[in-house]
Amino acid sequence: MRDIELLLRAQASMATFLAELPSDRLLDLVEGRARLALVEPSGGVAATTTEPPSVVPVAAPSVEPVAVSAADPAPAQVIRRPPRSRRQTVPAEPFDAGAVVTQLRACQTIDEATERLASLKLGVNQLRAVAKTLNVPSSGRKDEVAKRILNLLVGGRGKHANLRRG
């Protein structure tokens, strides 16, 4: 068996073991009042770490080990996390794409329509709703969609006016 497989199996075993610990013992482990130790089948405690010679061991505070054996399992207790805080969203007021189209059609020049559209400060989704109302392709960046809308509503007026004049 490869080392990574052994590591994954050990992690799964530890996760199961810790999930079944009572909350008071788990809290003792987390706060350092208890520690885990490997107990040999002969009853002795095995060394928990091997330290390289360059590391100077420091005396740990006296902590009473928590002994849990498979013969005396603790009752399964579910430790639940507090729920994640969700960002409070402000309900969006209904958007009327038809009203925006009416405002833009009232503009005489493309510059005036551009200023009016910028003053409305529409989001991407709102601008795409306006494009759908006009049957304009709504894919692409926000500025591309706005340009298509303005060209349809105001940009064509100059062409048609010149054609009518002859």
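Me: Where is the place of S139?
Reply: This is a predicted model, so its positions are computed. The helices on either side of S139 are α5 and α6. S139 therefore has its place in a loop, and buried or exposed is a separate matter from the cut-offs of 20% and 50% relative accessible area. The place of S139 is the loop between α5 and α6.

Me: Which residues is S139 in contact with, leaving aside its neighbours within four places in sequence?
Reply: R128 is eleven residues from S139 in sequence, and the two C-alpha atoms are 7.9 Å apart. A contact needs heavy atoms within 4.5 Å. With neighbours within four places set aside, the contacts of S139 are V145 and R148.

Me: How many helices and strands does the protein chain have?
Reply: Read from the N terminus, the elements run α-α-α-α-α-α. Each of these symbols stands for a helix, and the count is six helices and zero strands.

Me: What is the mean pLDDT of the protein chain?
Reply: Of the residues in the chain, 67% reach a pLDDT of 70 or more. Over residues 49-59 the pLDDT is below 50, and this stretch has one contact in the model beyond near neighbours in sequence. For the protein chain, the mean pLDDT is 75.

Me: What percentage of the residues of the protein chain count as buried?
Reply: A residue counts as buried when its relative accessible area is under 20%. The accessible surface of the protein chain is about 13700 Å², with 55% of it belonging to carbon and sulfur atoms. The chain has 166 residues, and the buried share of them is 16%.

Me: Which helix gives the most to the largest nonpolar core?
Reply: This core has 19 residues, and those touching the most other members are L104, L117, L127, V130, L134, I149 and L153. At least two residues of the core come from each of α3 (97-105), α4 (110-120), α5 (124-133) and α6 (142-165). With six residues, the helix that gives the most is α6.

Me: Which residues is L127 in contact with, leaving aside its neighbours within four places in sequence?
Reply: L127 is one of the core residues that touch the most other members. Another residue of that group, I149, is also a contact of L127. With neighbours within four places left out, the full list for L127 is L117, L122, K142, V145, A146 and I149.

Me: Is K121 buried or exposed?
Reply: K121 is found in the loop between α4 and α5. Its phi is near 50°, a positive value in a residue other than glycine. Most residues other than glycine have a negative phi. The relative accessibility of K121 is 73%, and the cut-off for exposed is over 50%, so K121 counts as exposed.

Me: What is the phi of N135 near?
Reply: N135 lies in the loop between α5 and α6. At 70% relative accessibility, N135 is exposed. N135 is a residue other than glycine, and its phi is positive, near 60°.

Me: Which residues are joined into one network by salt bridges that share partners?
Reply: The whole structure has three salt bridges. One of them pairs R141, which is exposed at 52%, with D143, which is partly exposed at 45%, at 3.1 Å from N to O. D28 bridges to R33 with the closest N and O atoms 2.8 Å apart, and E31 bridges to R33 with the closest N and O atoms 2.3 Å apart. R33 is a partner in both, so the network consists of D28, E31 and R33.

Me: Is E31 buried, partly exposed or exposed?
Reply: Partly exposed covers relative accessible areas between the 20% and 50% cut-offs. D28 at 24% is partly exposed, and R33 at 45% is partly exposed. The value for E31 is 46%, so E31 is partly exposed.

Me: Which residues form a nonpolar patch on the surface with about 280 Å² of accessible area together?
Reply: One residue of this patch, L7, has its place in helix α1 (residues 3-20). A patch takes residues with over 30% relative accessible area, and L7 is partly exposed at 45%. The residues of the patch are I4, L7 and L8.

Notes: Residues are numbered from 1 along each chain as its sequence is written. This is a predicted model: local features need pLDDT of at least 70, side-chain atom pairs count only at pLDDT 80 or more; totals for chains, interfaces and linings use all residues. Side-chain values use heavy atoms; hydrogens and water are left out. Patches are made of residues with over 30% relative accessible area and no salt bridge: like charges are joined within 9 Å, nonpolar side chains (Val, Leu, Ile, Met, Phe, Trp, Tyr) within 5 Å. Accessible areas come from the Shrake-Rupley method with a 1.4 Å probe; for residues, only the protein chains shown count as cover. A salt bridge is a side-chain nitrogen of Lys or Arg within 4 Å of a carboxyl oxygen of Asp or Glu. Helices (H or I, at least four residues) and strands (E, at least two) are DSSP runs, numbered from the N terminus. Buried means under 20% relative accessible area, exposed over 50%, partly exposed in between (1.4 Å probe, protein chains only). A nonpolar core is a set of buried Ala, Val, Leu, Ile, Met, Phe, Trp, Tyr and Cys residues joined through side-chain atoms within 4.5 Å. pLDDT is the predictor's confidence in each residue, from 0 to 100.
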